[in-house]
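Please open the structure in a viewer and keep the sequence beside it. The tour below proceeds stop by stop, naming what to select and what is to be found there.

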Amino acid sequence: MDRLKGKKILIAITGGIAAYKAPELIRLFIKSGCDVWAAVSENACRFVQPLTLETLTGRPVLLDDFTLLDGGKIPHIEASAWCDLMVVAPATGNIIGKTAAGIADDLISTLLMAASRKPVLFAPAMNSRMYLNPIVKRNLNTLRESGYYFIGPDEGEMACGEEGIGRLADLSCIVEKVKDIFTEKDLRDITILISAGPTQEPIDPVRFITNRSSGKMGYALAKAAKRRGGRVILVSGPTSLSVPKEGITLIRVKTALEMEREIEEHFPYSDIVIMAAAVADYRTDTPFPQKLKKSDKAFQLELVRNPDILYTLGKEKTRQTLVGFAAETENFEENALQKIRDKNLDLIVVNNVSLPDAGFEVDTNRIMLIDRFGKTRKYPLQSKDDAADAILDKIIKIRKKTKGEKGPS
Ligand code: C5P
């Protein structure tokens, strides 16, 4: 269900040093199933070889507007009609200014003028003093108001050695933004509360109890829900992952008690709650204040139960659609159905964590969805991004089915 499969992307590369990243961006689009056609400005050719782009895309690179295509076709008319979306990456201050002023005096600016009915994404990249120039700001605002999309720029070290805002956005974020533009906004005005990752329960200042969760499934859900127009609150245990800042409120926690506090705070006004976190079931009552010294004797640690957050939400729920996860190694359906009843869930996502390509840490998952009506569906091995969309599709179906009901009994 990859949203980019078969999409035709026209990538316009303008003449900033970040142009050296364009071949990698093209590769990412192709990997996502897109058909890519590249256009390069005269100055961009100094940074990136047309041959590289041609080899990657398998299409003749557009270099100027006066070399007609096969059949005498005019490049800017043909390419702008061909594409589903145009990406300008990197977009220099120059091309931003020209587009805002309605100038079409070379290949890229003419392509942009001709692509007036297509979505266009600009990924600006320039020195921060250029980016912060009030004229550039004014041009960016003009383009935003006219419906052009933007991603970045990011802050950090720039090619010229200076620090500041102006770096080309992370390439995977550019691809994510394009997915976002193509996605139907079927979660608009819906608030989705998601928990993700493991929790860490301290034993002493340097040790803790945790479990094997990377947070990848919960983060994929957050990104998919955001793409689909939802307001997303992501309560995350410690992970090394990141999510786009725009549209996702990320709240970082460490322990189950901290997670419980945050989830409880945001639960009352949420419409959909997905507990994808692998919450530790036990913690030490009081962590040792100093690092424990090892000795030759056996050592016993007394643990107390953590609250079952999902169970409490099941008791408190009014209109929320409540979704739990079950990481199982045996009796999948039986255990999952019991969990739906015990925790008053609308849907449970079952992971067979005994398989090497599903569940913890990996990028793929083999899920089974069981709803509160007992309807079961098994999905083949798929990326966690696709699994996230399948879960959200199912949640939307359940919400349509139960519209008007006060909530499950
Ligand atoms: O009962 P079990 O731990 O298998 O249930 C898993 C589901 O319950 C997951 O959705 C997990 O996020 C949630 N859970 C919780 N609080 C806990 C343990 C699990 O909310 N203490």
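**First stop: a charged patch on the surface**

Select K375, which is located in the loop between β19 (367–371) and β20 (376–378). With a relative accessibility of 54%, K375 counts as exposed, because the cut-off for that class is over 50%. Now add R377, K397 and K401 to the selection; together with K375 they form a positive surface patch. The model in view is a predicted one.

**The whole molecule**

Zoom out before continuing. The protein has 409 residues, of which 50% count as buried. Its secondary structure comprises 13 helices and 21 strands. Taken along the principal axes, the C-alpha atoms fill a box of roughly 80 × 55 × 40 Å. Across the whole structure, a search finds 20 salt bridges; several of them are visited below.

**Second stop: N127, R129 and E162**

Select N127, in the loop between β4 (120–124) and α6 (128–131). Is N127 buried or exposed? Its relative accessibility is 16%, so N127 counts as buried. Two contacts of its side chain can be displayed. A polar atom of the N127 side chain lies 2.7 Å from the backbone nitrogen of R129, and a polar contact of 3.4 Å joins the side chains of N127 and E162.

Next, select R129 and E162 as a pair. Their side chains meet in a salt bridge, with an N to O distance of 2.5 Å. R129 belongs to helix α6, whereas E162 sits in the loop between β6 (154–157) and β7 (163–167), so the salt bridge ties together parts that are 33 residues apart in sequence. R129 counts as exposed at 58% relative accessibility, while E162, at 29%, counts as partly exposed.

**Third stop: strand β5 and a cis bond**

Move to F150 in strand β5 (residues 149–150). This residue has a relative accessible area of 9% and is therefore buried. To place F150 against another part of the chain, draw a line from its C-alpha atom to that of P134: the separation is 17 Å, with the two positions 16 residues apart along the chain.

Then select G152 and P153, which are joined by a cis peptide bond with omega at about 5°. P153 lies in the loop between β5 and β6. As a general background, most peptide bonds are trans. Another cis bond can be found from A89 to P90, where omega is near -10°; P90 is part of strand β3 (residues 85–91).

**Fourth stop: helix α3**

Select A79, in helix α3 (residues 75–82). A79 has a relative accessible area of 0% and is thus buried. The C-alpha atoms of A79 and K8 are separated by 10.0 Å, although the two residues are 71 residues apart along the chain.

**Fifth stop: further salt bridges**

Select D180 and K185, whose side chains meet in a salt bridge of 2.9 Å, N to O. D180 is buried, with 10% relative accessible area, and K185 is partly exposed at 26%.

Continue with D389 and R227. Their salt bridge has its closest N and O atoms 3.5 Å apart. The pair links distant parts of the chain, with D389 in helix α13 (residues 384–401) and R227 in helix α9 (residues 216–227), 162 residues apart. Both D389 and R227 are buried. Which residues join them in one network? Add E176, D186, R228 and D393 to the selection: salt bridges that share partners connect these residues with D389 and R227.

**Sixth stop: two positive phi angles**

Select D189, in the loop between α8 (171–182) and β8 (191–196). D189 is not a glycine, yet its phi is positive, at about 70°. With 55% relative accessible area, D189 is exposed. Then select N344, in the loop between α12 (332–343) and β17 (347–352). N344 is likewise not a glycine and has a positive phi, of about 55°; at 19% relative accessibility it counts as buried. Most residues other than glycine have a negative phi.

**Last stop: a nonpolar patch**

Finally, select Y282, F288, F299, L301 and L303, which make a nonpolar surface patch of about 450 Å². L303 lies in strand β15 (residues 303–305) and counts as partly exposed at 36% relative accessibility.

Key: Residues numbered from 1 in each chain as written. Heavy atoms only, no water. Patch = residues over 30% accessible without salt bridge, like charges linked within 9 Å, V, L, I, M, F, W, Y side chains within 5 Å. Areas by Shrake-Rupley, 256 points an atom, 1.4 Å probe, with all protein chains shown as cover. Salt bridge = Lys/Arg side-chain N within 4 Å of Asp/Glu carboxyl O. Lys, Arg positive; Asp, Glu negative; His and termini not counted. Charge placed at Lys NZ, Arg CZ, Asp CG, Glu CD. Helix = DSSP H or I, 4+ residues; strand = E, 2+ residues; numbered from the N terminus. Buried < 20%, exposed > 50% of the residue type's maximum accessible area, 1.4 Å probe, protein only. Polar contact = N/O pair within 3.5 Å; in protein donor to acceptor, adjacent residues only side chain to side chain.
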